[in-house]
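Here is a set of exercises for you to work through with the viewer open. Try each task yourself before you read its solution.

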Amino acid sequence: MNNPYVLRVFEDFKKINAGKPEYIQACQEILESLELAVEKNPAIEKNRLLERFLEPERFIHFRVAWLDDAGNIQINRGYRVQYNSAIGPYKGGIRFHPSVNESIIKFLGLEQVLKNSLTTLPMGGGKGGSDFHPKGKSDNEIMKFCQAFMTELYRHIGPNTDVPAGDIGVGGREVGYMFGQYKRIRDSYDSVLTGKGLSFGGSLARTEATGYGCCYFANKALEVLKNESFAGKTVVISGSGNVATYAVEKTIQLGGKPVTVSDSNGWIYDPNGINLEVLKDIKEVKRGRIKEYAERVPGSVYTESKPGNPTIWTIKCDIALPCATQNELNLDDAKCLVANGVTIVAEGANMPSTLDAAHYFIDNGVIYGPGKAANAGGVATSGLEMSQNAIRLSWTFEEVDARLKGIMESIFMNIYNTSKKYGIKENDLLTGANIAGFDKVADAMLKQGLF
Ligand code: NDP
């Protein structure tokens with residue numbers, strides 16, 4: 001960073017957010033990109049738009065008390081950040097994971113503002129969650145927790161105010177329990193959550209959307225920048241949750257070969273290509289661990305994640321899709337991928353690459369698609385779910401999927417055109433994504449008067 005205004009904003013941000021490393025990392029990555037925009041548009045500094053953009057409109061922190069199956073009282077922390085509503089109601093997922101804290105929620109909220117802006121749909125940015133750990137909990141405990149969480153959250157959300165969805169640890173089951181509790185308390189059948197079950201207002205293709213969207217985005221980037229596609233390519237995918245599973249599915253449909261999946265304990269390498277049926281049975285039906293894959297599929301190998309063991313990123317591939325969690329891919333991993341000839345890294349997860357890893361990809365000519373662009377298919381399809389709820393109609397799977405594909409391709413083209421306008425390197429989709437996302441929000445903020 002060189003621009004004095006941008007530097008000053010970052011120094012102040014670090015001071016007031018000391019002890020929040022993920023939040024500072026996300027801010028740094030965004031500010032580095034926005035220098036170009038600041039230099040081109042003096043109105044940004046004059047109106048203190050960076051400072052206003054970086055400060056969330058509202059941050060809510062609440063207690064969630066619930067009873068476990070043994071009758072013991074459990075207490076967790078709940079959060080919601082309502083980051084920016086300049087272009088629409090706050091929108092963003094809810095994460096249940098023991099690592100959730102203010103830093104994680106705020107970094108996710110900040111990224112969400114730009115992501116939602118890129119989708120072209122009228123959605124502001126928000127994010128929420130709890131340090132509740134769903135792993136090992138009974139179905140009854142999950143329900144009790146979701147009900148207790150919504151008993152506080154309901155007063156802050158609404159179909160025209162804030163519309164949450166799922167994220168890590170929150171899938172269709174959890175969204176269903178939260179929706180039921182909201183409806184019970186409010187006595188109103190509102191489109192207040194997305195990712196709902198198909199029998200009560202959910203959209204076809206929402207489950208698949210983030211993973212599919214990531215592949216559509218990467219495929220378009222390959223086509224425009226390299227005149228290539230997924231066909232015949234080896235693809236390394238991390239994670240084995242919602243995003244990873246449907247990235248595996250779409251990779252296969254596009255003619256690529258996904259050779260890995262992982263969870264927080266270890267990773268699978270299957271040189272014959274991941275068997276989707278087995279993956280879904282282990283993760284979606286049995287809610288099991290990825291280790292079981294190696295026990296069921298001959299020729300596949302399981303490697304435990306521990307210091308000294310090779311990481312998933314040591315596998316040679318053409319395309320890498322990190323789809324697990326933040327900071328899962330560091331500089332050493334990036335060096336491995338580049339040495340092995342990776343062409344594109346498209347992020348299904350939010351901020352899975354550390355900042356130095358992202359720089360390394362860009363500096364070494366790898367096409368780098370940041371999460372806020374590459375994984376926007378989930379929230380875009382949530383936006384389509386809101387549209388269907390509003391007109392009280394349901395579109396077919398094919399209709400939603402076609403719109404999703406169109407949105408992902410236009411996100412890529414928007415970034416590509418922004419990059420051209422600002423003279424940014426073609427493979428650097430990060431700078432273009434940040435500028436394109438910010439421009440729209442900043443314009444709306446200016447035109448709506450001071451807030
Ligand atoms: P899930 O809970 O369905 O799956 C998360 C996966 O990541 C699991 O396989 C989990 O393994 C793994 N994981 C979690 N933490 C770690 C870790 N520290 N190291 C290695 N693996 C880990 O979540 P999603 O698939 O929904 O979300 C994945 C990512 O995609 C997140 O970054 C999320 O924010 C992002 N995202 C999700 C969207 C969606 O629509 N769901 C939309 C846009 C972004 P384990 O079971 O061991 O914890």
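The exercises below concern a predicted model, and they go from a sheet to its helices, then to helix pairs and two loop residues.

**Exercise 1. The sheet**

Task: Work out in which order the five strands form the open sheet, and which strands stand at the edges.

Solution:
- Step 1. Begin with the pairing of β1 and β2: 10 bridges join them, and the two strands run antiparallel. In this pair, Trp66 stands opposite Gln74 of β2.
- Step 2. Go on from β2 (residues 73-84) to β4, where six bridges make an antiparallel pairing. Here Gln82 faces Gly126 in β4.
- Step 3. Now look at β3 (residues 90-96), which runs parallel to β4 and is joined to it by three bridges. Ile94 has Gly128 of β4 as its bridge partner.
- Step 4. Put the order together: the open sheet reads β1-β2-β4-β3-β5, with mixed pairing. Because β1 (58-67) and β5 (162-165) each have a single partner strand, they are the edges, and one side of each lacks a neighbour in the sheet. On average, neighbouring strands are turned by 20 degrees against each other when direction is ignored.

**Exercise 2. Strand β4 and the helices across the sheet**

Task: Decide whether the residues of β4 are buried or exposed, and find which strands helix α5 and helix α6 lie across.

Solution:
- Step 1. Take the cut-off for burial, which is under 20% relative accessible area. Six of the six residues of β4 (residues 125-130) are buried, so the strand is largely enclosed by the rest of the structure.
- Step 2. Check the two faces in turn. One side carries Gly125, Lys127 and Gly129, the other Gly126, Gly128 and Ser130, and all of them are buried.
- Step 3. Add the helices. Helix α5 (residues 102-118) lies across β1, β2, β3 and β4 and runs at about 150 degrees to β4. Helix α6 (residues 139-153) lies across β1, β2, β3, β4 and β5, at about 140 degrees to β1.

**Exercise 3. Parallel or antiparallel?**

Task: Classify the direction of the helix pairs α12 with α13 and α9 with α10.

Solution:
- Step 1. For α12 (residues 331-339) and α13 (residues 355-363), the axes come within 8 Å and cross at roughly 20 degrees. Angles under 35 degrees count as roughly parallel, and α12 and α13 are therefore roughly parallel to each other. The crossing is right-handed.
- Step 2. List the residues in this contact: Leu331, Ala334, Lys335, Leu337 and Val338 from α12 meet Asp356, Ala357, Tyr360 and Phe361 from α13. By class, the contact of α12 with α13 has seven nonpolar, no polar and two charged residues.
- Step 3. For α9 (residues 242-253) and α10 (residues 276-285), the axes come within 11 Å and cross at roughly 165 degrees. That angle makes α9 roughly antiparallel to α10, and here the crossing is left-handed.
- Step 4. In this contact, α9 contributes Thr245, Tyr246, Val248, Glu249 and Ile252, while α10 contributes Leu276, Leu279, Lys280 and Glu284. The classes are five nonpolar, one polar and three charged residues.

**Exercise 4. A third helix pair**

Task: Describe how α8 and α15 pack, and sort the residues of the contact by class.

Solution:
- Step 1. Helix α8 (residues 206-226) packs on helix α15 (residues 377-391) at an angle of about 145 degrees, and the axes are 7 Å apart. The two helices make a right-handed crossing.
- Step 2. Arg206, Ala209 and Thr210 in α8 meet Gly377, Gly378, Val379, Thr381, Ser382 and Glu385 in α15. The contact divides into two nonpolar, five polar and two charged residues.

**Exercise 5. Two loop residues with positive phi**

Task: Place Ala205 and Asn327 in their loops, and say whether each is buried or partly exposed.

Solution:
- Step 1. Ala205 is not a glycine, yet its phi is positive, near 75 degrees. Ala205 sits in the loop between α7 (172-186) and α8. At 6% relative accessibility, Ala205 counts as buried.
- Step 2. Asn327 also has a positive phi without being a glycine, with a value of about 55 degrees. Its loop runs between β11 (319-321) and α12. With 29% relative accessibility, Asn327 counts as partly exposed.

Conventions. Residues numbered from 1 in each chain as written. Predicted model: local features only at pLDDT ≥ 70, side-chain atom pairs only at ≥ 80, totals over all residues. Heavy atoms only, no water. Axes fitted to C-alpha atoms, helices over the stretch in contact; angles between N-to-C directions. Helix = DSSP H or I, 4+ residues; strand = E, 2+ residues; numbered from the N terminus. Parallel < 35°, antiparallel > 145°, perpendicular 65-115°, else oblique. Left-handed = near helix turned anticlockwise from the far one by under 90°. Contact = heavy atoms within 4.5 Å. Nonpolar A, V, L, I, M, F, W, Y, C, P; charged D, E, K, R; others polar. Buried < 20%, exposed > 50% of the residue type's maximum accessible area, 1.4 Å probe, protein only. Pairing = 2+ DSSP bridges.
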